[in-house]
2 protein chains.
Amino acid sequence: MSDTDEEVITEAHGAGGGQMRELIEELAVSRFEDGAADVPLAALDDGSVQRLANGGGSLVVTTDSHVVKPQFFRGGDIGRLAVSGTVNDLAMMGATEPIALTCSLIVEAGTPVETVERVMESMGETSEEAGAPITTGDTKVMGSGDIDTIAINTTGVGVVPQGSHVPDAGLSTGDKLIVTGTIGDHGISLLSEREGFDFEGDLESDVAPVNDLVATAMDAGEVTAMKDPTRGGLATSLNEMASKAEVGIEIDETAIPISGAVASAGEVLGIEPLNVANEGKVVMGVESDDADAVLAAIQAHPQGEDAAIVGEVVADHAGRVILDTGFGNRYLSEPEGEQLPRIC
Amino acid sequence: MSDTDEEVITEAHGAGGGQMRELIEELAVSRFEDGAADVPLAALDDGSVQRLANGGGSLVVTTDSHVVKPQFFRGGDIGRLAVSGTVNDLAMMGATEPIALTCSLIVEAGTPVETVERVMESMGETSEEAGAPITTGDTKVMGSGDIDTIAINTTGVGVVPQGSHVPDAGLSTGDKLIVTGTIGDHGISLLSEREGFDFEGDLESDVAPVNDLVATAMDAGEVTAMKDPTRGGLATSLNEMASKAEVGIEIDETAIPISGAVASAGEVLGIEPLNVANEGKVVMGVESDDADAVLAAIQAHPQGEDAAIVGEVVADHAGRVILDTGFGNRYLSEPEGEQLPRIC
């Protein structure tokens, strides 16, 4: 292979879609021995699940590095995003009571200490809000110009009763799909801010820990699969759920809650709200008989008032998502390419 | 406060010494609620230890981000360093059988895929060598120029029988101090390579997982405290151990194993081997009666042939390290300031 056609990492590799998954499968999964029997690395789920040797439960572990730009944005900051992202990934596996979070900072030399302080303050507050203790950490400094300001890794650990974790792949025909609130807020708000648009303050990120909301939903009925639609948005999450369970998903587009501000800004920016990150929302499959009870429980939660049933799982179209637009059906595919770099 | 005297992050804040600890205490520890009862965040140990609710043991969690430059160096690479660093931090707490490691990559757009591939290959091999399964991961891409090539966070999880973890603060008067091999190899080798010196290939990093070596030592006698002397070197680790246990440590400088190549290169570079990172060595306190047995067991291990007893714990000079140079005594202080940025 000549230097000129040397394969390089592109921003599309970080966009959370198919190119990233292929890269991870090719580069990492094939190389790592993996002791996580229940949900291994190869499942590319939100985290891993493995039984503790003494039979006392299953360990759930998840990790995320956060590189969002700007670090402080409308509705949140990189610290709140880091804690929420990791708490939410644990919750997506059914581990709604995190037992440990880690905080590892990489900071650029020359960054004002006050900036780091604000981020730590926010992490502490969000950790308390989520009931997720930060128990250990690490700090590295890179030279000026070697990293853009700050990156944060948070890793989360939870324990669930053996066999009670919720995998991405759990959908069955007949399950209803619920989204817990308006879609597209984080991505559209962040992008509009980054592009210098001012939509009169109607837009802000939805970044928040949703573990309590998820616990409420799980108490109300049988939740079969969950994703938090971050990078790649609801479109990517639905496609992953359909593909992993080898089922079809039919979505009623008009039922998807999207705020007026997000819809308008999305049109101006030329960005589809279904394709962008949410940082405080969940899409979940629920057994048909339980769907109304789960929806009611979610709507009664302070974070769930806009929740809606948006579709159902069908036997046809295995691995695909069909969108009923109100004027006809089309496949909803996941966004490819770079979409929005450094969105989380 | 005016802009001109605004406090900024400096490379000294990442050097692993007192300035870093102060920053962490001021910025993070004070802000984070921490549920880790046995070893909390505030202990600034190698990781956290907390009891599992069902009484089945204590959970040990540790995290490290790795930003070493260059990414490939004599004796290793950033992937081997990341896995070893985290496995070793778990081992320092007494968790010699990791149950899960995470791998979170931040990669610069434009990085050759082959570079990432080599790093993943190395992580997989080191994970297998250590018996430490990588169970989950994450990938983020930053724009070209936003990060220098690649940073890796690895977080590790282990379980130990309740109460059997080994804290940094465990030293008691009379304990012997053992180092498991030659000191200074990683730091001196990396710095000489970075500065363009060629010491005829005698120098290379010692980066390796030492969990098996540690298990061997713990089987042979009572290990009371352990550190892997990474950033800040043996000098920093000894000072931390003395300070946390509120004891004095007397070290016989002539007993510290240092290779001829490291000693010579250290002189040429003007760097003290006791002040630089090791990535495959341990300094441990051992109960006096067990010291010979533990030393023999370590020396019989493939990674421990150069091990030596280098000193002992005394009641005087609480919190200080006294170095007997052979020509008299002096306090061994920990290095301050930036020393070697991006050494790990």
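**Figure 1. C344(B) and C103(B), two cysteines without a partner**. With a relative accessibility of 6%, C344(B) counts as buried (buried is under 20% relative accessible area, exposed over 50% and partly exposed in between, using a 1.4 Å probe and protein chains only). The closest cysteine sulfur to that of C344(B) belongs to C103(A), and at 16 Å it is too far for a bond. C103(B) is buried as well, at 6% relative accessible area, and is in no disulfide, its nearest cysteine sulfur being that of C344(A), 16 Å away. Searching the whole structure turns up 0 disulfides over all chains, where a disulfide is a pair of cysteine sulfur atoms within 2.5 Å. Keep in mind that this is a predicted model, with local features needing pLDDT of at least 70 and side-chain atom pairs counting only at pLDDT 80 or more, while totals for chains, interfaces and linings use all residues. Residues are numbered from 1 along each chain as its sequence is written, chains are lettered from A and ligands numbered from 1 in the order in which they are written, and side-chain values use heavy atoms, leaving out hydrogens and water.

**Figure 2. The axis that relates chain A to chain B**. Turn chain A by 180 degrees, shift it 0.0 Å along the axis, and it can be laid on chain B with an RMSD of 0.0 Å (a least-squares fit on the C-alpha atoms of residues with pLDDT of at least 70 in both copies). The two copies are thus related as by a two-fold rotation axis. I147(A) has the C-alpha nearest the axis in chain A, 2.0 Å from it. Both copies use the same surface, as 100% of the contact residues of chain A recur in chain B; contact here means heavy atoms within 4.5 Å.

**Figure 3. D64(B) and its neighbours from both chains**. Look for D64(B) in strand β2 (residues 58-66) of chain B; strands (E, at least two residues) and helices (H or I, at least four) are DSSP runs numbered from the N terminus. D64(B) is buried, at 10% relative accessible area. Leaving aside residues up to four places away in sequence, D64(B) touches S104(A), D138(A) and K140(A), along with G85(B), T86(B), D89(B), I152(B), N153(B) and T154(B).

**Figure 4. Helix α8 of chain A and its buried side**. In α8 (residues 291-299), the buried residues are A291(A), V294(A), L295(A), A297(A) and I298(A). They span an arc of only 160 degrees around the axis, so they sit on the same side of α8(A); the arc is taken from the directions from the helix axis to the C-beta atoms. Their cover includes β8 (176-179), α5 (211-220), β11 (283-286) and β12 (308-314) of chain A.

**Figure 5. Two arginines over rings in chain A**. R118(A) lies over the face of F72(A), 3.7 Å from the ring centre. R320(A) has its charged end over the ring of Y331(A), 3.7 Å from the centre. To count, NZ of Lys or CZ of Arg must be within 6 Å of the ring centre and within 35 degrees of the ring normal.

**Figure 6. Backbone oddities in the loops**. Most residues other than glycine have a negative phi, and most peptide bonds are trans. The bond from K69(A) to P70(A) is cis, with omega near -5 degrees, and P70(A) is in the loop between β2 and β3 (72-73) of chain A. H317(A), not a glycine, has a positive phi of about 55 degrees and is partly exposed at 36% relative accessibility. T149(B), also not a glycine, has a positive phi of about 70 degrees but counts as buried at 18%.
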